[in-house]
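Visitor: I'd like a close look at one part of this protein, and at how that part fits in with the rest. Could you take me through it slowly?

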Amino acid sequence: MVSAKFYEKLMKISRVMEKEGEGISYIRNEKETYTIGTRKYSEKIAKFLDETVGTWEGSEANVKKRKKKGKVSGGAAKKVGYLWKIPVTD
């Protein structure tokens, strides 16, 4: 089980990502990592993670926009986002 202290840290990280990454577009909770996707990469987020958690991984991701029902679109538009993997630690 993860401590309340870690969840508090994760909330701070999420607030920074929301502001600096132009919104959070993806969150996934896995056994050993949290993956948070932002709309764009930000040096401020990277620096904050270095100071807060130390080790983390990041990568660009091609995220497809979902089609709305009943709407005709001009093809599948891709949106490039950035995924931040944060290890779960106590």
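Visitor: Let's make it the first helix, H1: which residue follows H1, and what is the sign of its phi?

Guide: That would be Glu-22, and its phi is positive, near 60°. Keep in mind that this is a predicted model. Now back up into the helix itself. H1 covers residues 4–20, so 17 residues, and spans 25 Å from its first C-alpha to its last, close to the 24 Å expected at 1.5 Å a residue.

Next, the sides of H1. Its buried residues are Phe-6, Leu-10, Ile-13, Ser-14, Met-17 and Glu-20. They sit on the same side of H1, because the arc they cover around the axis is only 145°. The reasoning behind that is the usual one: an α-helix has 3.6 residues a turn, so residues three or four places apart point the same way. Go round to the other side of H1 and you find Ala-4, Lys-5, Glu-8, Arg-15 and Lys-19, which are exposed.

So what does the buried side pack into? The largest nonpolar core has twelve residues, and Phe-6, Leu-10, Ile-13 and Met-17 are among them. The others are Tyr-34, Ile-36, Ile-45, Ala-46, Leu-49, Tyr-82, Trp-84 and Ile-86. H1, strand E2 (33–38), helix H2 (43–52) and strand E4 (78–87) each put in at least two residues, with the largest share, four residues, coming from H1. As a rule, nonpolar side chains in soluble globular proteins tend to be buried together.

Zoom in on Phe-6 for a moment. Setting aside residues up to four places away in sequence, Phe-6 touches Tyr-34, Pro-87, Val-88 and Thr-89.

The other helix, H2, deserves a look too. The buried residues there are Ile-45, Ala-46 and Leu-49. Viewed down the axis of H2, they fall within an arc of 100°, so they line one face of the helix. The face turned away from them carries the exposed residues Glu-43, Lys-44, Lys-47 and Glu-51. At the start of H2, a side-chain oxygen of Ser-42 comes to within 3.2 Å of the backbone nitrogen of Lys-44. After H2 comes Gly-54, with a positive phi near 85°.

Thr-52 is a handy place to see the two helices meet. Thr-52 is found in H2 and is in contact with Lys-9 and Ile-13, leaving aside neighbours within four places in sequence. Thr-52 and Lys-12 are 40 residues apart in sequence, yet 9.4 Å apart in space, C-alpha to C-alpha. With a relative accessible area of 23%, Thr-52 counts as partly exposed. Its side chain also reaches the backbone oxygen of Phe-48, at 2.7 Å.

For a contrast, try Thr-35 in strand E2. Thr-35 is buried, with a relative accessible area of 4%. Its contacts beyond four places in sequence include Tyr-26, Arg-28, Leu-83 and Trp-84.

Finally, step back to the whole chain. The protein has two helices and four strands, running α-β-β-α-β-β from the N terminus on. Of the contacts with a separation of 6 or more, 61% are between residues 24 or more positions apart. Buried residues make up 26% of the 90 residues.

Key
Residues numbered from 1 in each chain as written. Predicted model: local features only at pLDDT ≥ 70, side-chain atom pairs only at ≥ 80, totals over all residues. Heavy atoms only, no water. Expected span 1.5 Å × (residues − 1). Buried < 20%, exposed > 50% of the residue type's maximum accessible area, 1.4 Å probe, protein only. Arc of directions from axis to C-beta. Core = buried A, V, L, I, M, F, W, Y, C linked by side-chain atoms within 4.5 Å. Contact = heavy atoms within 4.5 Å. Polar contact = N/O pair within 3.5 Å; in protein donor to acceptor, adjacent residues only side chain to side chain.
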